[in-house]
Amino acid sequence: CTPCGATSDWGARRCCAGRPSRHPAAAQRRRIFSSSAVVDRSWRKGREWTVPPQPTGSIYYPQSVYARDATHAWVGGARWVLLPDGGHTTYGFLWRWDAGAARWAVAEDSLPVTVRDLVLPQDDFGLAVGEAIAPNTQASLRWDGTAWSLVDLPAKGQRVAARSPGVAFALASPSGLENVLYRLEAGGWTAVTMPGDPDLRR
């Protein structure tokens, strides 16, 4: 199998940064995040980019990043584990930003979904969508503040956006050619009718 996004152009899509304060006593360093690494933006050093340490030991393919603020940020993607026979197996992974150590730490490394997009707007609520590793299994995960669990999404997840459990949407591709919009309901994801010509949804 090939990890979702290993050769794609999904790239960085989100960043989180505050504007520099006009107050002289305010902190002058803010952090920004990209899908390949977290970086520092230093207002005192001309807003230069730097790359902090990242987890090692496996082949990681970051595909998505979400940052709520400078201390709550995550990266998700696919992880390859090489086998003795020369093959490999694939898992989904999540890194969480360790602000105190200024580095990424592994939060999950054996998820059943390769994470293409994620959002964690609350400490006890988050969503991740992507491609299920095993055939005929769900392609989204939900965070409840303690653990991730599978949620019924009957297609490969492309994008997800949410503010709360009651306001959460995902784009998924049942056929690989057309995206379908879903809304999170009590029992899982439910398809939502989209306006316009279906041919323009792609």
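## Overall make-up

The chain contains 14 strands and zero helices. Followed along the sequence, the pattern is therefore simply β-β-β-β-β-β-β-β-β-β-β-β-β-β. Please keep in mind as you look around that this is a predicted model.

Some totals help to set the scene. Of the chain's 202 residues, 39% count as buried. The chain exposes about 10900 Å², and carbon and sulfur atoms supply 51% of that area. Turning to contacts between residues at least 6 apart in sequence, 39% of them join residues at least 24 apart.

## Strand E4 and its two partners

A good place to begin the tour is strand E4, residues 72-82. Nine of its 11 residues are buried, so the rest of the structure largely encloses this strand.

On one side in sequence comes strand E3 (residues 59-69), which pairs with E4 in the antiparallel sense over nine bridges. Within this pairing, Val-65 stands opposite Val-75 of E4. E3 and E4 make a hairpin, with two residues between them.

E4 also pairs with strand E5 (residues 88-98); these two run antiparallel and are joined by nine bridges. Here Gly-77 stands opposite Phe-93 in E5. E4 and E5 form a hairpin too, with five residues between them. In that turn, take a look at Gly-86, which has a positive phi of about 95°.

## The largest nonpolar core

In soluble globular proteins, nonpolar side chains tend to be buried together. Which residues have the most contacts inside the largest nonpolar core? They are Leu-118, Leu-127, Trp-148 and Trp-189, in a core of 28 residues. The elements giving two or more residues to this core are strands E7 (113-122), E8 (125-132), E9 (140-143), E10 (148-151), E11 (156-164), E12 (167-173) and E13 (180-185). E7 provides the largest share, five residues.

Apart from this core lies another one, made of nine residues. Ala-73, Val-75, Trp-95 and Trp-97 are among them. Val-75 is already familiar as the residue across from Val-65.

## A closer look at Leu-127

Leu-127 is one of the residues with the most contacts inside the largest core, and its surroundings are worth a visit. Leaving aside residues up to four places away in sequence, Leu-127 touches Asp-117, Leu-118 and Val-119, along with Leu-141, Arg-142 and Trp-148. Its contacts also include Val-160, Ala-162, Ala-168, Leu-184 and Trp-189. Leu-118, Trp-148 and Trp-189 appear in this set, and these three also belong to the residues with the most contacts inside the core.

Notes: Residues numbered from 1 in each chain as written. Predicted model: local features only at pLDDT ≥ 70, side-chain atom pairs only at ≥ 80, totals over all residues. Heavy atoms only, no water. Core = buried A, V, L, I, M, F, W, Y, C linked by side-chain atoms within 4.5 Å. Buried < 20%, exposed > 50% of the residue type's maximum accessible area, 1.4 Å probe, protein only. Helix = DSSP H or I, 4+ residues; strand = E, 2+ residues; numbered from the N terminus. Contact = heavy atoms within 4.5 Å. Pairing = 2+ DSSP bridges. Areas by Shrake-Rupley, 256 points an atom, 1.4 Å probe, with all protein chains shown as cover.
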